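Here are a few friendly notes to read alongside the structure. They follow one helix and the sheet beside it.

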Amino acid sequence: MSYSKKNKPMKKSNLFRDWGTFNKGTDWRSIQISFANHLEYSLSKDQYTATERDLYLSLALATRDRLIERWIRTQQLYYNHDVKRVYYLSAEYLMGRLLINNLINLGIYHETKRAMEEVNIELEDLAENEPDMGLGNGGLGRLASCFLDSMATLEIPAYGYGIRYEFGIFDQAIRNLGQVELPENWLKYANPWEIARPEYSFNVHFYGRIKQIILPDGKLKTEWADTNDVIGIAYDIPIDGYDNNTVNTLRLWSARASKEFDLKYFQHGDYLKAVEEKNISENISKVLYPNDELFEGRELRLKQEYFFVSCSIQDIVRRYLVNHDTFDEFPDKVAIQMNDTHPAIAIPELMRLLLDEHGLNWEKAWDITSRTCAYTNHTLLSEALEKWPVPMFESLLPRHLQIIYEINRRFLRDVAVRYLGDENRMRGMSIIEEDTEKRIRMAHLAIVGSHSVNGVAALHSRLLKEKELKDFDEMYPGKFNNKTNGITPRRWLLAGNPRLSELITSRIGNEWAKDLYQLRKIEPFIEDSGFVKEWKAVKLANKEQLSKIILDNTGIQIDPGSIYDIQVKRIHEYKRQLLNILHVVYCWLKLKQEPDFSMHPRTFLFGGKAAPGYFTAKTIIRLICHVAEMLNRDASTNKTIRVVFIPNYRVSLAEKIFPAADLSEQISTAGFEASGTSNMKFALNGALTIGTLDGANIEIMEEVGRENIFIFGLTAEEVSARRQDYSPREYYVKDPLLARAIDLIREGFFSPEEPNIFHGLIDLLLNDDRYFILADFESYYNCNRDVDTLYRDQDAWTKKAILNVARMGKFSSDRTIMEYNRDIWHADPWPVLKE
């Protein structure tokens, strides 16, 4: 049997004679023995029967052993010293694969690689057997994962809380030139990193009715009775810090029925009815974000949010009470950070527990809750701010609705006293929206119930304070602050781009992995011709690697000598993949019609998933795929322009894409992208950015220098000012070639079998160009000509690429987490010492 791409059988060696010796050391021989032990004793396999997946599982378990020793010591330290803990509540964690990252953080990557090579196993090939842990849709979940890595690296006592979705973000296939969603069962072969904790299970209530009784001492007691209950079971995943002994915890909740099945129905032969309640209950953690176009989908989504929040808050309270008899010190020992509005129900849930379960009065409970909770806002899109219908809330969570009404009643009294007679302000700030349908504004609830509210980039935070949430900023001066997002350099450079990491480390050492500002030390090497030459060789090798992946996945051959122009992110109108593909068609027409027009060969690479119910986004994917199909067939131009849509974009694929990129497309409409983090990942891997003054692009420009980035388009202020009188058709009429490109799409040139499929998309573009695609088109085209000119001077391009990497220190998630801790959490770091 073959275990590696070298087609060599696994050596017998002395390895299999030493299986009885279990050793958790960090040298290659100890790792090898541990690996062999798990192969035999955990999986009941030997070198003749083991599959590649078995080998991966054995190595993962051997790695987990080394995590567990540190994990136990870390948790003991936290309990023994009664430390303040940070609890990060997020509905999404886009973790990707963990094996290589864990080996690097543990400091045993090279020893493990040798251990595998000694028995003819390629470590990187083995790692390919690990499924992506895709418990998120995009940037929100990936940010949460970066933050967990940084908290552990900075030795901050922290826990992540989320949902153990049985099916994560769907797998995307391209069929008939369009997106098809396939179930992504990442747990099909079990998850070696998790440990079930059934001893930490909690009842979560839904529906029911509210009873209020007068106690003998005259106090009013509220009970939530006749509920339908679901049990939340904890599954823990260790999160190790880099180059230390800290291992924090990501605790994910899985839903289980409170009754496995109804024996009465079973005995009467109605087997489906017997397990109906079990199936309904366990749907809660079945799928990441069900389709919420239907009422049932919306209700299930609200159930998911409350389910994981209730389990988490109950667990937090349980852990606090291990060392405390009263709640007086709760805000001094607990910091709860809500990642967007999905966990905002934590506020009324904590209030419910303090009021109903522990007997605190309202004033004391509110003081504790508001001093404990903090909220991160991630969007400026009003439609993305969660609002739940009051009737749905009243049915599903009646006690929480009561608490929210009381929070709102007291809050509106404060507003009324502060802004006498300002009914419009009160209506706009109320937690309850009372338009055609009463709805609960979860963002408003999060703001009112938190002591800190932060945006995720300087522009985003400024726009929140000046526009979207201006009234709240005036009401609560000092509550709003900025925490510009960041990325972990361990995954996105050290693990993801080993060739570039090794080159950088060869010149400046490896301290940059913990202090990204150390990358400044490579700046002087832009004048070192040898270093520049090695840098180019690294980029070419990464591009060749990606070209092979693309060929294997799409059948399309691309030229590593071309500009790799890449836009990979969630498909959304405001991210303007439509602007990008329209520019591709425009350049193709210029090549066809203007003999004097020339451009350096360029490969336009797209990737990203559209939400299953987002018709326009899925239509944009179809357009990209149809254009690619036609342009790649054109023998007169396909040496100059190639277009590829890379299916099933995910973390493990991103780790191959970012290192190969020449140009990073960050072209959202100014004022719409809260921050973005792919812009940081591309730049950290040596790509130059073409982008608008939006989100974190602005801060990247400030760090790397205006001369080392390609900026185009309207500013957020200009977009806002021009919205009332903007006429996209003016731009259509003004540029005949642009009009021709648009007409070809509308008339079905790229989709002859279905000539009408892009009518709606083009009608939106010409009549309701909400995202200013046509207004920014000329500026975008001209900026791309500057890209073309610079790329022809490879030395100049490479020097700018080096400067981009050297100046990315600010965008480490370590810096972001240090700011959260300094300004919001105030949790002391606790180093874990070796035994």
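1. A good place to start is helix α6, which lies across strands β1, β4, β10, β11 and β12. The helix runs at about 55° to β10. Please keep in mind that this is a predicted model.

2. Now for the sheet itself. Nine strands make up an open sheet with mixed pairing, in the order β7-β10-β11-β4-β1-β12-β13-β17-β18. At the edges stand β7 (195-206) and β18 (480-482); each has a single partner strand, so one side of each is left without a neighbour in the sheet. From one strand to the next, the twist averages 25°.

3. Helix α2 (residues 52-80) also packs on this sheet, where it touches β1, β4 (158-163), β7, β10 (228-240) and β11 (247-257). Its direction makes about 95° with that of β11.

4. If you would like one strand pair to look at, try β1 (residues 85-89) and β12 (residues 334-339): they run parallel and are joined by five bridges. Within this pair, V86 has A335 of β12 as its bridge partner.

5. Back to α6, with one more contact to check. How are α6 and α34 arranged where they pack? The axes of α6 (residues 139-153) and α34 (residues 813-825) are 9 Å apart, at an angle of about 75°, which means that α6 is roughly perpendicular to α34. On the α6 side, the contact is made by C146, F147, S150, M151 and T153; α34 contributes S813, D814, T816, I817, Y820 and W825. Sorted by class, this contact has six nonpolar, four polar and one charged residues.

Conventions: Residues numbered from 1 in each chain as written. Predicted model: local features only at pLDDT ≥ 70, side-chain atom pairs only at ≥ 80, totals over all residues. Heavy atoms only, no water. Axes fitted to C-alpha atoms, helices over the stretch in contact; angles between N-to-C directions. Helix = DSSP H or I, 4+ residues; strand = E, 2+ residues; numbered from the N terminus. Parallel < 35°, antiparallel > 145°, perpendicular 65-115°, else oblique. Contact = heavy atoms within 4.5 Å. Nonpolar A, V, L, I, M, F, W, Y, C, P; charged D, E, K, R; others polar. Pairing = 2+ DSSP bridges.
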